[in-house]
Amino acid sequence: MKNILSLSFLFIVALAFSQTKSKGFAVHSTDGKFQPYEFNRHAVGDNEIKIDILYAGICHSDVHHVRGDWGKEEYPMVPGHEIAGKVSAVGKNVTKFKVGDYAGVGCLVNSCGHCEYCKAGLEQYCKEAVLTYHDHDQFHNNETTQGGYSNNIVLTEKFAIKIPKNADLKKVAPLLCAGITTYSPIHYAGVKKGNKVGVAGFGGLGHMAVQYLVKLGAEVTVFDITEDKRADAKRFGAVKYVNVNNPEDLKDLDNKLSFVISTIPANYDPNLYLKMLNINGQMAIVGLPPFEKMPIIPIDKLIWQGNRKVFGSQIGGIPETQEMLDYSVANNIYPEVEIIPATANSIENAYQKVLDGKVKFRYVIDMQTMK
Ligand code: NDP
Ligand code: ZN
């Protein structure tokens, strides 16, 4: 009995020593108050890498999670799924990275690897996919995953994205969510040069969508709820800006667009955009408002208004995320970012500005400034 007890003690001590010590900022309830937080991640496995996090983007999804917009959450929660950093350790089987390489992480850190989605490179839809935070990692004793507002992360090399050496690192992190979430449905819909298209919601995701669509040669109309972003839309190459609160702006838009992407994070009327679609037009929905304010798609309008298609889209799979990152860097397509220091106060201020519609266009936390 005594031997078993001392063996278990040794096992626990060994486990504690082999774990990865991490620190970051966590919320402990829906009150949105961030506090410094120290925690353990699992040790670097044979197929895994450790990334020292340099930059972490603040996505509106983080704000939804912290506020419990999508149902009950578990705390403490370290948000952050737009991560860029430097590889500081590699397991013995790792081939994709070496120490010193730059690597990114988005919303996923693992998946089963053998279901039809994983085989198709659509790991985000795998039933066993492990999210970067607010999830339990069944591949590591159900460890609670914690995100990128922290100094490091450990994950299987397959889910880490290679960041090209010439990338503008400060701006790379938001590509890992805002970039791929817009790049993927635009390509899935097959948008082509000369298409007339719309981007609804001109924030972190929306301004990435505009850049990808303009690069493809599409004629972009931007929709938002403020006058403050009219000049920005032009600057990013849009041909038209519509303030949906201004009835004059909404005239003569019906049946004009072949594709609309909605990134709107609040309640709205999807039919406003459905009726702008022309024959065979497509609407991609990526914005996910709080559950209690979920927009309703009127199926009667879908039937009567003829051959329009609506589809939802969640981030993108790992191969497409790598493709998006390489494409974005090669074409100099980056988010417009405001870098903020890694303090609880500055993160809370940034959240408030996202909620108040005052962010242009993405906050990125410089994790190197964490004390
Ligand atoms: P932002 O807050 O940066 O941008 C949202 C934009 O939508 C803001 O410009 C906002 O205006 C505008 N907006 C709000 N209400 C309306 C409306 N009724 N009509 C038109 N525009 C409106 O958020 P993000 O871009 O970071 O995220 C957008 C959404 O996408 C969130 O719900 C997020 O959770 C979701 N998301 C989904 C993913 C997926 O995989 N499907 C992945 C990542 C994010 P203002 O700023 O003035 O309020
Ligand atoms: Zn996101």
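## A ligand between two domains

Domain 1 (18–175 + 336–369) and domain 2 (178–312) both contribute residues to the shell around ligand 1, so ligand 1 lies between them. Keep in mind as you look that this is a predicted model.

Let's start with the two domains themselves. The domain assignment of the protein gives domain 1 as two stretches, 18–175 and 336–369, and domain 2 as 178–312. If you take the centres of the two domains over their C-alpha atoms, 28 Å separate them. The domains also meet each other: 13 residues of domain 1 are in contact with 20 residues of domain 2.

How much area is buried between domain 1 and domain 2? The value is about 1300 Å², and carbon and sulfur atoms give 56% of that. On the domain 1 side, Trp70, Leu175 and Phe361 are worth finding: together they supply 43% of the area that domain 1 buries against domain 2, more than any other three residues. If you wonder about this way of describing an interface, its size is often given as the accessible area lost when the parts come together.

Now turn to ligand 1. It is surrounded by 28 residues, and the closest are His60, Asp224, Lys229, Ile315 and Arg362. The shell is a mixture, with 13 nonpolar, 12 polar and 3 charged residues. Which helices each supply at least two residues of this shell? They are helix H2 (60–67) and helix H6 (204–216). H2 gives the most, with 3 residues.

You can look at some individual contacts too. An oxygen atom of ligand 1 is 2.8 Å from an N or O atom in the side chain of Ser61, and the side chain of His64 also has an N or O atom 2.8 Å from an oxygen atom of the ligand. With Leu205 the partner belongs to the backbone: a polar backbone atom of this residue is 2.8 Å from an oxygen atom of ligand 1. Taken alone, ligand 1 exposes 930 Å², and the protein buries 91% of that.

Finally, let's visit some details of the backbone. Most residues other than glycine have a negative phi, and most peptide bonds are trans. With that in mind, follow the chain from Tyr75 to Pro76, where the peptide bond is cis, with omega near 0°. Pro76 is found in the loop between H2 and strand E4 (83–90).

The peptide bond from Lys360 to Phe361 is cis as well, with omega near -10°. You have already met Phe361 as one of the three residues that supply 43% of the area domain 1 buries against domain 2. Phe361 sits in the loop between helix H11 (344–355) and strand E19 (362–366).

Where is Asp252 placed? Look in the loop between strand E14 (240–243) and strand E15 (257–262). Asp252 is not a glycine, yet its phi is positive, near 60°.

Notes
Residues are numbered from 1 along each chain as its sequence is written. Chains are lettered from A and ligands numbered from 1 in the order in which they are written. This is a predicted model: local features need pLDDT of at least 70, side-chain atom pairs count only at pLDDT 80 or more; totals for chains, interfaces and linings use all residues. Side-chain values use heavy atoms; hydrogens and water are left out. A residue is near a molecule or strand if one of its heavy atoms lies within 4 Å of it. A polar contact is a pair of N or O atoms within 3.5 Å; within protein, one must be able to donate a hydrogen and the other to accept it, and residues adjacent in sequence count only if both atoms are side-chain atoms. Accessible areas come from the Shrake-Rupley method with a 1.4 Å probe; for residues, only the protein chains shown count as cover. Helices (H or I, at least four residues) and strands (E, at least two) are DSSP runs, numbered from the N terminus. Ala, Val, Leu, Ile, Met, Phe, Trp, Tyr, Cys and Pro count as nonpolar, Asp, Glu, Lys and Arg as charged, and the others, Gly among them, as polar. Domain bounds come from an automatic or database domain assignment. Contact means heavy atoms within 4.5 Å. Buried area is the accessible area (1.4 Å probe) that two parts lose on being put together, summed over both.
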